[in-house]
Every structure is written in structure tokens, then in C-alpha cells.
Amino acid sequence: MNKNILISDANHGGLVLLEEYSKYTNNNLFFYDIYDKLSKKDKQKIEKKLNVTFLTLDEIIKNEDAFIKINPIHMPPVIKTDFTHHEFVSYLLKKNHVNSKIIQITGVKGKTTVTTLLKHVLKKYNTLVLTSDELTFNSKTLIKKLSITPASIITAINKAKEENILEKIDYCIFEVSLGVVPNGYINILTNILEDYPIAKASSSASIAKESVFTSEFTICDYDCFKQFYNHHENVITLSFDNENADIYSSNVKYDIKNTTFDMNYFNKKTSMNHFALSDFYISNLLFAISVGLIINMDIEDITSNLRSSESVEGRNSYKYINNKLVIEDINPGLNTTSIKKCVDNIKKYSENYLLIIGGDYGITCEEIDEEKLCKYLKNINPQKIIFTGKLGYNLKQKLNESYIYFDNLKEAINFCTTTDKMIIQIIYRSEYNSNIQI
């Protein structure tokens, strides 16, 4: 007897999973467009193409147990979940006969940077790399601006098949949001700087990301492991400076262009030098290097490969404008904790700085806690802060202080470069794209 398969969420990759699954099944297919993204015409077209029936929530609830329900992990608990999108992607990868080893990176902060650094570490291998910026095979860009929902892994694999490179891939390196696809080769959990609620507060980031422990090797931030996951075994822990971790740094000497530090790993030590303006950038380097060590690369080869890498634009990168040092933290995942880290970091170099703070809304599932951020910003001299963008406008209104504000990030930067401040730290919630590039 055929089964009734219900897939949800057109906003976060559900349609990709539906179309892929339709290639392999004779089961009855149903779809729930939870956010009403699709028009009536869109639905009619998809129904005809994929032989699927769209259902309303009321129609599902009337006979919910008749369906096997496949939902995103952050879906509000309006119906039960039998399999998450992450779990379903694992099933579809088997159907696609993906034999290359899969490395996945998740966490609240640092995912894109670690993924990009890892791409450089493994540059002598054939790698299919998915970040929030692009999908690449070796140095060739295959797709620009692909999301990091688990369904994008299927899009990446299908693109590799289209390019006739699937069998050539040694490693798939995937940045993934809210956890990972189960049963990978190496999983990395960079951190949980804030354990934000998901699924209408019925779950949390820490619960969603626990899937990292299903891999052959798991590398986890030490503090995160101790706080949430210390019941798991056979985990490689990593810290910026905690000597109780398996991997940590010491003897750090920061420099704008070339920071030096020692990497301590399983009772061994090696000296490193690389671009790194902050403790979290050093941690990102340690994550990438650790993967190279796991696959038995020589440490000299790893460090040599990394030396050719440049800073990731918008991820604690820097440039000079009118002889001012401009440090860019421009990404969608900034929260109060990461913003505080940015400010603490800049204080290591000078007190002669200005902060540009702002950005957009609706760019990630996790919106910023403005009350918490305002509480922190009250401790900073208002004369050191320039607000910009929609987020900046709301922060200015909530704080009731005479802050300087600009609608546009470029205007804010232009103003700052005319002052006597030598360092400008940009903290801006947005994708790093042509609209805001400096």
C-alpha cells in the first residue's frame, strides 16, 4: 500500500526536497506551504509537474496520522515531525549514491569562515564547497548565493551531477544551518554563543545542533560541549585558550596583518602565523587545521595551504580607507554576544576608534535581541557609536540618546573617515554583497 508523504515549507528548501524525492517514489505526495509563499498559479504548476497535492493546515490536522511528515527542524509545532529536513537529506544522498566524504560545519558564528579556510586547507583535493556565499568545485564557482538550508546540499549534488564531477569529488564541505545532515564523515560545531529559541520556542539552537554527534569524527567548541553535550563520548574539543580542551592556542601575539600563536593539539605543539584579528578568528583557524590533521595531512602542508588564503570579506576582514583602518564584521548571524566580541577585539588595538552598528531585518531565522543589545550598548560612550540601517534606527530610538545616524552604511563610513579616529569597526547584520561593499 502506498504511503502518504507530506513535506513542508517552501521558504526553506521544502520544494527542492519534494522535487528530488518525486524522482524515486510512487508514494502519494503532499505539500504544506506553511508561510503561504506560493501563489495559486505557482501551486497549480507544481501540482501538475510533480503530481503533488497542496494541503492547508486544517486539512492536515483532520487526519494527521495518515501522513509521514517531513518538516524543517525550526518549524513551529503546528503538526508533528516524523523526519526533519536534515534527516531526509541524508536519505536522498543515499539515493544519489554520493560516495565522497562529507564534512559539515554548523554553529552560531564562524561557519562561513571555517568553511572557507577549510577549502584552502584541502586545496590539493577535489572539493565541492557550499557556503552562504557560493557553491564551488575547486576554484570554479558553480552557483552564486545558495542558501545553507539542508536542502541546498541536494541542489549542490545535482549541480555536481550536471557538471559530470560527482565521481571526482574527494570531499564535500558543506556549511549548514541549525545542525547537520546525520551520519557524515567529519562534523564541526563552532560555538553556540547564544542558545536562541526556534520553532516558536518549543526547541532551541542547542537541541537542533546536537545532530553533529552522529558523524565518524566530531569537533566541538569546548565551552559549548561542557554546557550542552558532555554526555557524548569520542568528541574532539577545541578552545581558544582553555588547556582542558584537546586543541587550543597559547602565546598569542596579535598584529593587524600577521598574528602569531602556538597551536596545542593532543600533547603536540606547533607555531603558527596568520591573519587573525580576534580570538574567534584564531578558533576558526584551529577548526580548519584540525580537519587537515584528522585526514592525516602533514602540518607543514596544512599551514602552507593556509598561507595562500585571504581574509573572508565581511568576516573580521580589514582594509584601509583614507589612512583609516576599517574592520568589517558584516554578516547575517551577528548577535549581542558576537557584537560584544567585536568591540572587545577592537579595544586590543586602540581606544581611538568608532563603531558603526546597524543592518537589516528578515535575513535569518534568528532575529537579534534588541533589548539585550541596548543594555550592552548603554555601557559604551555614545560618541563612539554611529548607527545605520533599519536596525540602527530602532536601536537609536530605544536608547533615547543623541547618537549620530545615517540611513546608508556607505554614508556612515564616509563620515567616520573624516574624523580623527584611526580605527573604524563596522558591525552590520547583512549579507556581504554589492549593495554594501565598501
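I count two residues as in contact when they have heavy atoms within 4.5 Å. With that in hand I opened the model, which is a predicted one.

**Contacts.** I looked at pairs with a separation of 6 or more, and 62% of those contacts in the protein come from residues 24 or more positions apart.

**Overall build.** I found 14 helices and 24 strands in the protein. The radius of gyration is 23 Å and the globule rule gives 22 Å for 438 residues, which are close, so I note the protein as being as compact as a globular protein of that length. I also looked up the extent of the C-alpha trace, which spans about 75 × 55 × 40 Å along its principal axes.

**Inside and surface.** Of the 438 residues, 57% are buried. For the outside I have an accessible surface of about 19700 Å², with 45% of it belonging to carbon and sulfur atoms.

**Charges.** I went through 51 positive and 53 negative charges, and their mean positions lie 3 Å apart.

**A sheet worth a visit.** Next I followed an open sheet of 5 strands, ordered β3-β2-β1-β4-β5, with parallel pairing. Which strands stand at the edges? They are β3 (52-54) and β5 (83-84), each with a single partner strand, so one side of each has no neighbour in the sheet.

I then stepped in from the β3 edge. Strand β2, residues 28-32, runs parallel to β3, and 3 bridges join the two. If you would like a spot to centre your view, I used L29, which stands opposite V52 in β3.

Notes. Residues are numbered from 1 along each chain as its sequence is written. This is a predicted model: local features need pLDDT of at least 70, side-chain atom pairs count only at pLDDT 80 or more; totals for chains, interfaces and linings use all residues. Side-chain values use heavy atoms; hydrogens and water are left out. Helices (H or I, at least four residues) and strands (E, at least two) are DSSP runs, numbered from the N terminus. The radius of gyration is taken over C-alpha atoms; the globule rule is 2.2 Å times the number of residues to the power 0.38. Buried means under 20% relative accessible area, exposed over 50%, partly exposed in between (1.4 Å probe, protein chains only). Accessible areas come from the Shrake-Rupley method with a 1.4 Å probe; for residues, only the protein chains shown count as cover. Lys and Arg count as positive and Asp and Glu as negative; His and the chain ends are not counted. The place of a charge is taken as NZ of Lys, CZ of Arg, CG of Asp or CD of Glu. Two strands pair if DSSP finds at least two bridges between them.
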